[in-house]
Amino acid sequence: MRKIKLLGLILIGLAMVLWFNLRSSTPSISSVASSPPKTIRYFERTLPQSIAHILLVPANGRFLVTPALSQKVATVEEFAQKHRAIAILNAGFFDPVNQKSTSYVIRQGKLVANPKENDRLVNNPNLQSYLSQIFNRTEFRRYLCGQTVRYDIVLHGASPLAGCQLVDAIGAGPSLLPELTLVKEGFVDNANKRDALGSNQPNARTAIGITRDGSVVLVMVAQKPSAPANSGVSLPTLADFMKTLGAAKAMNLDGGSSSSLYYNGKTFYGKVDLDGNPIKRPVKSVLLVQENI
């Protein structure tokens, strides 16, 4: 009887050792979870009437997305050479006649472009009733919250994030996500048949978005050379497309002939002429993607 009890105790002990070893060898969830992207990802999407060029900038602090302004208009390649940027995307609106910005630009905490100082904008009789909206359009912001970089997309008049320093901002508009604000920002006035951006017509477009994890999505939608007159996307379609890319917030940037994206030594242009050749239009302001050093 004692032998049987002893044998039983030995078997129980062996079972406990085996269970402990199996439990120790089982990987935890955190050890097998996929890590967030560590570098910039470029990819293309073919849409029914256009080709979208997309850059995903991860929210890991390795890269910064900041605005830049040129004294005179310049191509995205010229901006890239000057700033040694990994990527450049055209950004704010400007007047091609006087080459002054019609969008706010803040860089390193300093206001470097103020649309209220653009005489051709302020004194345009056709825009007088829209100026309050024009001066409060959507902008892309970069904050420094302690040691952490955060981005946001809000109206120009919105208060800064609590406990954070507003470092950079660049305006354009309208907001695409969470809602399309064409009327609110003075781009569309149905009563007066105003549609400053041809919002429902296909065209080359540029946009920026922020995902829920804080990553930044840069998008340039190019017309197809084979069908220049009827290709591109409308702004409602652009808003829907930004949502498919995971953007929780998104805004439209200057589009049409200004649409251009530089990445890793190559430039993509959005607008094409009737012969299908790309239109290379110099711009006033851009968004830079640079390594955070």
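Asp-168 and Arg-142 are both buried in this predicted model. Their side chains meet in a salt bridge, with 2.8 Å from N to O. This pair connects distant parts of the chain, since Asp-168 belongs to strand β11 (residues 165-171) and Arg-142 to strand β9 (residues 138-145), 26 residues apart. Side chains of opposite charge can pair when their charged atoms come close.

The whole structure contains 5 salt bridges. One of them joins the side chains of Arg-120 and Asp-95, at 2.5 Å from N to O. Arg-120 is located in helix α4 (residues 119-122) and Asp-95 in strand β5 (residues 94-95), so this salt bridge ties together parts that are 25 residues apart in sequence. Asp-95 has a relative accessible area of 10% and is therefore buried, whereas Arg-120, at 45% relative accessibility, counts as partly exposed.

A further salt bridge is formed by the side chains of Arg-141 and Glu-139, with 2.8 Å from N to O. Arg-141 is buried, its relative accessible area being 3%, and Glu-139 is buried as well, with a value of 2%.

Attention now turns to Ala-248. This residue is part of strand β17 (residues 247-253). Its relative accessible area is 23%, so Ala-248 is partly exposed; the limit for a buried residue is under 20%. When neighbours within four places in sequence are set aside, Ala-248 is in contact with Leu-177, Pro-178, Ile-210, Thr-211 and Arg-212. Pro-178 lies 70 residues from Ala-248 along the chain, and the C-alpha atoms of the two residues are separated by 6.4 Å.

Definitions and conventions:
Residues are numbered from 1 along each chain as its sequence is written. This is a predicted model: local features need pLDDT of at least 70, side-chain atom pairs count only at pLDDT 80 or more; totals for chains, interfaces and linings use all residues. Side-chain values use heavy atoms; hydrogens and water are left out. Helices (H or I, at least four residues) and strands (E, at least two) are DSSP runs, numbered from the N terminus. Buried means under 20% relative accessible area, exposed over 50%, partly exposed in between (1.4 Å probe, protein chains only). Contact means heavy atoms within 4.5 Å. A salt bridge is a side-chain nitrogen of Lys or Arg within 4 Å of a carboxyl oxygen of Asp or Glu.
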